[in-house]
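Trainee: Please take me closely through one part of this model, contact by contact. Then tell me what lies around that part.

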Amino acid sequence: MNSNTKHYGLGTAISMIVGILIGSGIFFKADDILGFTGGNVGLSVFVFCIGAFCVIFGNITLSQLAARSDRRGGVLAYFEEFISEPAAAGFGWFQIFAYYPSISVVVSWVAGIYTTMLFGLNPTLELQTLIALGYLIFFFTLNYFSLKLGGRFQNISTIMKLIPLIGIGLIGIFWKAPVPVTSETLVVPLSQVGWGFLAALPATAFSFDGWVVATSITHEVKDAKRNMPIALTIGPLLVLVVYLAYFLGMVAIVGPEYILEHRDNTIYQIGQILFGEQGGTLILSFILIAVLGVVNGLVLGVLRMPQAMALKGMLPKSERIKVINEKTQLSPSAAKLSILVSLSWLLIHYLTQKFGFLSGGDISEIAIVFSYITYISLYLKVFKLSKNKVVPLLGILGSLIIVGGGIISNPTFVPLFLLACSIIFYCGYAYMKKAQTIK
């Protein structure tokens, strides 16, 4: 088939975008968002809407670059063609050494949290981290030695994550029973939150993360100039509806105070309320498989990114890293590098959680915030190239809101972590700059 064949209509494009956007973050970030907004449900809904706003205008902005390019590879390709090869290398280094591994580590840790709930284990940070380590090693091994098994698990988990999201949303619409009593009042008055609600934005960005992948299908959509902006607007709005249905369904069943008291354990309690003694176990099983599916998908990216970068000569020892094992069709050196980096981030994550450096947040949110900083340079490029200046300006505004929220969430440590991400980006940029000089 010709790679330029346009074989996706508007409906298919929308469904693909929805599938890409709906992740597992909503399961363990909803309580964080509610907490940062002081338990104010209306303000939490507003924060979700801001997240959708950022995604919609970011997506439409990047799709304009996709429409101008024949290259595949998503954001990395956009940096390479529209900014520079060194900038692309910097972005690639950030993804290899910070973005993918930090997110995969945090989601693995969340899987560890749900595993301890499911099996009634003592929910210590050490045990959760140890379980996360086991999941990481398992999925690295699975995806390295069996591409088919990894793909099948991904398909199953995609279906699994939709069941509790839609189910609780629908039940919440018709729920009339009184909310359970909490042991204490945990809701912070809105007057005490002020602009602090912006600290909820990194958690929201995590829930919507992965949206940049949606622009990669632009080349395969019929009448992309017309259909992609529509699909990239409707798709995130549908995801927003699903997320709000789930969130408001939880609020309707147990109330905001209960969610703030029980945090990640809320969904287990809801399962018991709805379906009896085994209900919590049933819902947790669905969610655990959904979360593990995200770990699986992230590991797929972690394993392949160094290989893709090495083919472009953007990493030291690229000649060695790009060598493919014929049986696995993957690079052994890239796999070793990916595992080593991921384990390093697992240790960093453990330390930040152990000593409370990130005030209830985690390292993955910082990586996502930094990615929004990098997107600004692409939005500025679209601003220069496009006659319509409004969309890229709104994309830039969305990024600045997310970045501001990230800094507000922890003014001490978040800037330090963002500086670390900047150093990683610069190292990749400098390496490629030097490589070009040698050539």
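Mentor: Helix α10 passes α12 in a left-handed crossing; a crossing is left-handed if the near helix is turned anticlockwise from the far one by less than a right angle, and right-handed if clockwise. Helices here are DSSP runs of H or I with at least four residues, numbered from the N terminus. This is a predicted model, in which local features need pLDDT of at least 70 and side-chain atom pairs count only at pLDDT 80 or more, while totals for chains, interfaces and linings use all residues. Residues are numbered from 1 along each chain as its sequence is written, and side-chain values use heavy atoms, with hydrogens and water left out.

α12 covers residues 266-275, and its axis lies 11 Å from that of α10, at an angle of about 60°. Axes are lines fitted to C-alpha atoms, for helices over the stretch in contact, and angles run from 0 to 180 degrees between N-to-C directions. The pair α10 and α12 is therefore oblique, the class left over once angles under 35 degrees are called roughly parallel, over 145 roughly antiparallel and 65 to 115 roughly perpendicular. On the α10 side, the contact (heavy atoms within 4.5 Å) is made by Tyr246, Met250, Ile253 and Val254, which meet Thr266, Ile267, Ile270, Ile273 and Leu274 in α12. By class, that contact has 8 nonpolar residues, 1 polar and no charged. Ala, Val, Leu, Ile, Met, Phe, Trp, Tyr, Cys and Pro count as nonpolar, Asp, Glu, Lys and Arg as charged, and the others, Gly among them, as polar.

α10 (residues 224-254) also packs against α2 (residues 25-36), at an angle of about 65° and with the axes 11 Å apart. That angle makes the two helices, α2 and α10, roughly perpendicular. Here α2 passes α10 in a right-handed crossing. Tyr246, named above for the contact with α12, appears here too: with Tyr243 and Phe247 of α10, Tyr246 meets Ile26, Phe27, Ala30 and Leu34 of α2. The contact of α2 with α10 consists of 7 nonpolar residues, with no polar and no charged ones.

α10 also borders open space. The second largest pocket holds about 370 Å³, and among its 17 lining residues, Ser63, Gln64, Ala67, Lys225 and Pro229 are the closest to its centre. On a 1 Å grid over the protein atoms alone, a pocket is an open set of points with protein on both sides within 12 Å along at least five of seven lines, a cavity is a set where a 1.4 Å probe fits but cannot get out, and lining residues have an atom within 4 Å of a point. Grid points are joined across faces, edges and corners, and a volume is the space filled by probe spheres set on the points. Both α3 (41-67) and α10 supply at least two residues of this lining, with the largest share, 5 residues, coming from α3. The lining has 7 nonpolar, 7 polar and 3 charged residues.

α3 in turn packs against α17, with the axes 8 Å apart and an angle of about 135°. α3 and α17 are therefore oblique to each other, and their crossing is left-handed. Gln64, one of the residues closest to the centre of the second largest pocket, belongs to this contact, in which Ile50, Phe53, Cys54, Phe57, Gly58, Ile60, Thr61 and Gln64 of α3 meet Val391, Pro392, Leu394, Gly395, Leu397, Gly398, Ile401 and Ile402 of α17. The classes there are 11 nonpolar, 5 polar and no charged.

α17 leads on to an enclosed space. The whole structure has 3 cavities of 30 Å³ or more, and the largest of these has a volume of about 90 Å³. Its lining comprises 13 residues, with Asp362, Glu365, Ile366, Ser409 and Val414 the closest to the centre. α16 (363-385) and α17 (390-409) each give at least two residues to that lining, and α16 gives the most, with 3. That lining divides into 6 nonpolar, 5 polar and 2 charged residues.
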